[in-house]
Structure formats: C-alpha cells, structure tokens
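Trainee: I have a new structure open and would like a walk through it. Can we start with the empty spaces and then go to the helices?
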Amino acid sequence: MPRSPDRPGAERWVPEGADIDALAQAAHACRGCELWHDATQVVFSAGPPDAELALVGEQPGDREDREGEPFVGPAGRVLDDALEAARLTAGSVYLTNAVKHFRHVELPERGKRRLHKTPAVAHVRACLPWLEAELAAVRPRVVVALGSTAARAVLGAPARVGELRGRVLDAPERGAFPGAPVVVTTHPSALLRLRDRSGWDDAFDALVADLGTAARAARAA
Ligand code: URA
Ligand code: SF4
C-alpha cells in the first residue's frame, strides 16, 4: 500500500519535543491514515512517562476503542496477569500500541459486531511517528514488542516472533527507538485463543518468562 492522500503519515500532527501528555492530546487530531474515520477515538498510552520498561502492542481493540485506554479488554487482562506473575505491575510499565486507532470490520448480520482486523504495514508506517516520539520522551531502558505487528514497528523490519522471542536484542538502528534493547514476545491476544485449552499453561509461562527477561535487562541497564 503506497502513501496516498488519505494516508499521508502522522508526521505533521506530531508536535516536536513534546512530553507524553502533549503527544496524547495532539493525537486526537491525527489524520495520518484513514483508520481514524471508523474508530471512536484515538487510544494513546498508559503508565508512567518515566517507566523503565515500555510495552508495545498492536492496536486498540473494541473495548479500548470505546474507553480510550490501551489494554482494558480481554487481552489486557491476560497481560495484567502475566505482568503480575513476572512480579511487575501494569501500573509500573508504559503501555502503548504500534497503531493508535482500532482497525476493524463491521458484521451487519451480527448486530454490527466489530471484528478486529490486523493493521497493514502501511498503517504501522503511517503511525510510527507517534511511537518514535513517545519512546523518545519516555526513554525506556528496554522495549518489549508484543506480537509481530509491534515487532515490525519496534525493530523496523519484518520479524518472526517464534524466532526472536525471549532474547534481549541489540537496540535496533532502524526501529522506532534506537536507544534501548528489545525483547520480542507473543501478543496476549494469541493466548486468548488457548483459554481453557491445552497449551495455555505453556504459552502463559513463556510470556511471563519473556517479561521477566525484559525486566531483568531493564534493571541491569
Ligand atoms: N491489544 C493490543 O495490542 N493493544 C491493546 O491496547 C489492546 C489489545
Ligand atoms: Fe494517525 Fe495512527 Fe490514527 Fe492513523 S492510526 S490516524 S496514523 S493516530
């Protein structure tokens, strides 16, 4: 998907040198891609602006879109549980997404239910100036990418989660924030599909282990 008139990229809406509050405020006006149009509101970030650990997800889901807060839906509950199991609290980490508006399709035959649609590479690229600006303001010691969309944004290249997960990767020169190493792990919504099924325990433990690796790397940095 090339740049198009309805997808100019977020640059022009991102105030230079702004802190997180100012960035979050400015993001309401963003028209960097077409995703704002069908979403309820922009979902920026949560957590302390001086956190040592920044977690990057994919995009807001249905609940996040309605509430204007990241990770308040089902995937957020899985993430909260995993953070707690890793002896972190959701309130101690900076939480954000690669894409700040909810991409979805409406299913009219099912009471207009809104179904998550994975953002395209072009949406990640259009939204990247926000992620760059917020990570430059937070200056985390370690960035955690939750899933492949986040990994692409954070590493600046296509990434296979299965191959990269759980290692402390060198600070990426081409990624959203060249100032900190990166830990890639699975997206918590991938675990939701395993709930009450075999595989849940292993998948949850692996997510907890990766978050623990990131926390230790942040402490050591
Ligand atoms: N999934 C994400 O990637 N981000 C959210 O904020 C919620 C669900
Ligand atoms: Fe702007 Fe990102 Fe929303 Fe697109 S998804 S309109 S680039 S904030």
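Mentor: Fine. Keep in mind that this is a predicted model. A search of the whole structure turns up two cavities of 30 Å³ or more.

Trainee: What volume does the largest cavity have?
Mentor: The volume of the largest cavity is about 100 Å³.

Trainee: Which residues lie nearest its centre?
Mentor: Cys30, Gly32, Cys33, His101 and Cys127 lie nearest the centre of the largest cavity, out of 15 residues that line it.

Trainee: Which helix gives the largest share of that lining?
Mentor: Helix H4, residues 121–138, gives the largest share, with three residues.

Trainee: And how do the lining residues of the largest cavity divide into nonpolar, polar and charged?
Mentor: Eleven are nonpolar, two are polar and two are charged.

Trainee: Now pockets. What is the volume of the largest pocket?
Mentor: The largest pocket has about 720 Å³. It is lined by 32 residues, and the closest to its centre are Gly61, Ala75, His116, His187 and Ser189.

Trainee: Which helices and strands each supply at least two residues of that lining?
Mentor: Helix H2 (62–67), H3, strand S4 (113–116), helix H5 (147–155) and helix H7 (188–192) each do so.

Trainee: How many of the residues lining the largest pocket are nonpolar, polar or charged?
Mentor: Eleven are nonpolar, twelve are polar and nine are charged.

Trainee: On to packing. H4 came up with the cavity, so to speak; at what angle does H1 cross H4?
Mentor: The axes of helix H1, residues 20–27, and H4 cross at roughly 165° and come within 10 Å. Because that angle is over 145 degrees, H1 counts as roughly antiparallel to H4.

Trainee: Left-handed or right-handed, that crossing of H1 and H4?
Mentor: H1 passes H4 in a left-handed crossing. On the H1 side, the contact is made by Ile20, Leu23, Ala26 and Ala27. On the H4 side, Trp130, Ala133, Glu134, Ala137 and Val138 take part.

Trainee: What kinds of residue are in the contact of H1 with H4: nonpolar, polar or charged?
Mentor: Eight are nonpolar, none is polar and one is charged.

Trainee: What about H4 and H5, at what angle do they pack?
Mentor: H4 and H5 pack at about 55°, and their axes are 10 Å apart. That makes H4 oblique to H5. The crossing of H4 and H5 is right-handed.

Trainee: Which residues make the contact between H4 and H5?
Mentor: Val121, Val124, Leu128 and Leu131 come from H4, and Thr149, Arg152, Ala153 and Val154 come from H5. In the contact of H4 with H5, six residues are nonpolar, one is polar and one is charged.

Trainee: Last pair, then. How do the axes of H3 and H8 cross?
Mentor: Helix H3, residues 74–85, and helix H8, residues 200–220, have axes that come within 8 Å and cross at roughly 60°. That makes H3 oblique to H8. The crossing of H3 and H8 is right-handed.

Trainee: And which residues of H3 and H8 make the contact?
Mentor: From H3 there are Val78, Asp81, Ala82, Leu83 and Ala85. From H8 there are Trp200, Phe204, Leu207, Val208 and Leu211. The contact of H3 with H8 divides into nine nonpolar residues, no polar and one charged.

Note on methods
Residues numbered from 1 in each chain as written. Chains lettered and ligands numbered in written order. Predicted model: local features only at pLDDT ≥ 70, side-chain atom pairs only at ≥ 80, totals over all residues. Heavy atoms only, no water. Axes fitted to C-alpha atoms, helices over the stretch in contact; angles between N-to-C directions. Helix = DSSP H or I, 4+ residues; strand = E, 2+ residues; numbered from the N terminus. Parallel < 35°, antiparallel > 145°, perpendicular 65-115°, else oblique. Left-handed = near helix turned anticlockwise from the far one by under 90°. Contact = heavy atoms within 4.5 Å. Nonpolar A, V, L, I, M, F, W, Y, C, P; charged D, E, K, R; others polar. 1 Å grid on protein atoms, 1.4 Å probe; cavity = no way out; pocket = protein on both sides within 12 Å on 5 of 7 lines; lining within 4 Å. Points joined across faces, edges and corners; volume = space filled by probe spheres on them.
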